[in-house]
Amino acid sequence: MEQQTNPRRPFLDDFEPHKLSTASFHRKSPLAVENSPFVYRMNILQKFEDRFPDKYSFAYLFIAAFLLFANALLARCLSALPAVEIMSLRSLFVIGFIYLYVKYFDPNVVINDKKNKRALILASLAGSAAAFLYLSAVTRLTLSEALAVMLAYPIITPLYAWFFVDEPLQRHNFVSMGLLALGLLLIWRYSEPTPRYDEEGNLIEEGRSQLVPLLYALLQGVCVSVSSFLLKTRGLAVNPITLIIHTAIISFLLSALLNVVTSFIMPNAMQLFGLFVMAGCYIFGQILISKTVYEKNIDSFHVNAIAYSQVLYAFIADYLLFHDPLHIVEIIAIVIIAASSTYLMRETR
């Protein structure tokens, strides 16, 4: 029977699925030296996975959640730099880390994926927009508020499935969206504006209404949902490392152009080191998630629930490092947002 084309999604009809090339995560590159520290460390990971075959996925997810929290924490600490500059320099460091990873750990990653080039470009553009909005939200909201809202992106994804592929919305979709809206409203109503300071403690930007930063965080989730939807529709399978490579390159090029138009503030040595560590936390967190989600069929409910452990770390950082004690209503709002996403994952598992 001839496959029918859906007129509401013509831009997806040319995409062709291909086999996910993640089987080589533990395969040593022929470019690697036999006794190199990279190979030695990878062998340690292999031994850990062989010894705990049923538990290493959860360990990787918790480590990845902490690394991604550290990425957000460093972004907040570097808020004296413009978001565009943070994105450009972090993307440059990410490209370097990916080069080392592909060279020593996963030489079979398809960099130039011609079959899915269009999907990758569109998803990478959405990912680049998500990176900029991420940095804009993290530097203007408390960490716990920003992470709670941005991690709720699975609530938004069903809207694309409803619009593009006519997948009906279920009751749990409306419940989760209603809870998300309630949480956002409470944060907007009761949160205090967060001012920005430079390295010397001088005020850069006075605190303003939290509506715009909340929109940044919500739009970041929208962009992540777009990227995820583009790659999953019609069974499209793309190696996540390939997507990260394309997103890092596009993010660097776009942010570099914006730096030329605006102005470039030369970071000091500590800021450069912070950006370097930030890139390492991001890329290794993403690699661990990729190894767990794409190599094993792990329940999305557990992935989402463990991801929200970042919010717990953020509560501690807000209180101890940034002296941002939250109003009790804000805490309730964050719990509502986290519950809305977790509820959706439980109902659709």
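Colleague: What share of the contacts in the protein chain with a separation of 6 or more comes from residues 24 or more positions apart?
Modeller: This is a predicted model. Take the contacts in the protein chain with a separation of 6 or more. Residues 24 or more positions apart account for 86%.

Colleague: How many helices and strands are there in the protein chain?
Modeller: The chain has 349 residues, and 49% of them count as buried. Its secondary structure comprises two strands and 13 helices.

Colleague: Is helix α5 enclosed or open, and how many of its residues are buried?
Modeller: Helix α5 covers residues 143-150. Its buried residues include Leu-143, Glu-145 and Met-150. The helix is largely enclosed by the rest of the structure, because the buried count is eight of eight.

Colleague: What covers the buried residues of α5?
Modeller: Ser-144, Ala-146, Leu-147, Ala-148 and Val-149 are among those buried residues. The cover over them includes α2, α4, α7, α8, α12 and α13.

Colleague: Which residues touch the most other members of the largest nonpolar core?
Modeller: That core has 48 residues. Helix α13 (residues 328-347) gives the largest share, eight residues. Those touching the most other members are Leu-135, Val-138, Leu-143, Leu-147, Met-150, Tyr-308 and Ile-337.

Colleague: How many residues are in the other core?
Modeller: It lies apart from the largest one. Leu-68, Tyr-101, Ala-279 and Tyr-282 are among its members. Its size is 17 residues.

Colleague: What does Met-150 touch, not counting residues up to four places away in sequence?
Modeller: Met-150 is one of the buried residues of α5. It also belongs to the largest nonpolar core. With residues up to four places away set aside, Met-150 touches Tyr-134, Ala-137, Val-138, Ala-217, Gln-220 and Gly-221.

Colleague: Are α7 and α13 roughly parallel or roughly antiparallel?
Modeller: Helix α7 spans residues 171-190, and its axis lies 8 Å from that of α13. The packing angle is about 165°. α7 passes α13 in a left-handed crossing. An angle over 145 degrees counts as roughly antiparallel, so the pair is roughly antiparallel.

Colleague: How far apart in space are Ile-334 and Leu-186, C-alpha to C-alpha?
Modeller: Ile-334 is in helix α13. The two residues are 148 apart in sequence. Their C-alpha distance is 9.0 Å.

Colleague: Is Ile-334 buried or exposed?
Modeller: Beyond four places in sequence, Ile-334 contacts Ser-144, Glu-145, Ala-148, Ile-187, Val-311, Phe-315 and Leu-326. Its relative accessibility is 2%. The cut-off for buried is under 20%, so Ile-334 counts as buried.

Colleague: Which residues make the contact between α6 and α8?
Modeller: The axes of α6 (residues 157-165) and α8 come within 9 Å and cross at roughly 55°. That angle makes α6 oblique to α8. The crossing is right-handed. From α6 come Thr-157, Tyr-160, Ala-161 and Phe-164; from α8, Val-222, Ser-225, Val-226 and Phe-229.

Colleague: At what angle do α2 and α12 pack?
Modeller: Phe-62, Phe-66 and Arg-76 are among the α2 residues that meet α12, where Tyr-313 and Asp-318 are among the partners. The crossing is right-handed. The two helices are oblique to each other. Their axes are 9 Å apart, at an angle of about 40°.

Colleague: Which side chain is joined to that of Ser-128 by a polar contact of 2.9 Å?
Modeller: Ser-128 lies in helix α4 (residues 117-138). Its relative accessible area is 3%, so it is buried. Beyond four places in sequence, its contacts are Met-87, Thr-247, Ile-250, Ser-251 and Leu-254. The polar contact of 2.9 Å runs to the side chain of Ser-251.

Colleague: What distance separates the C-alpha atoms of Leu-120 and His-246?
Modeller: Leu-120 is in α4 as well. It is buried, with a relative accessible area of 0%. Its contacts beyond four places in sequence are Asp-113, Val-238, Thr-242, Leu-243 and His-246. Leu-120 and His-246 are 126 residues apart along the chain, and their C-alpha separation is 7.2 Å.

How values were computed
Residues are numbered from 1 along each chain as its sequence is written. This is a predicted model: local features need pLDDT of at least 70, side-chain atom pairs count only at pLDDT 80 or more; totals for chains, interfaces and linings use all residues. Side-chain values use heavy atoms; hydrogens and water are left out. Helices (H or I, at least four residues) and strands (E, at least two) are DSSP runs, numbered from the N terminus. Buried means under 20% relative accessible area, exposed over 50%, partly exposed in between (1.4 Å probe, protein chains only). A polar contact is a pair of N or O atoms within 3.5 Å; within protein, one must be able to donate a hydrogen and the other to accept it, and residues adjacent in sequence count only if both atoms are side-chain atoms. Contact means heavy atoms within 4.5 Å. A nonpolar core is a set of buried Ala, Val, Leu, Ile, Met, Phe, Trp, Tyr and Cys residues joined through side-chain atoms within 4.5 Å. Axes are lines fitted to C-alpha atoms, for helices over the stretch in contact, and angles run from 0 to 180 degrees between N-to-C directions. Angles under 35 degrees count as roughly parallel, over 145 as roughly antiparallel, 65 to 115 as roughly perpendicular and the rest as oblique. A crossing is left-handed if the near helix is turned anticlockwise from the far one by less than a right angle, and right-handed if clockwise.
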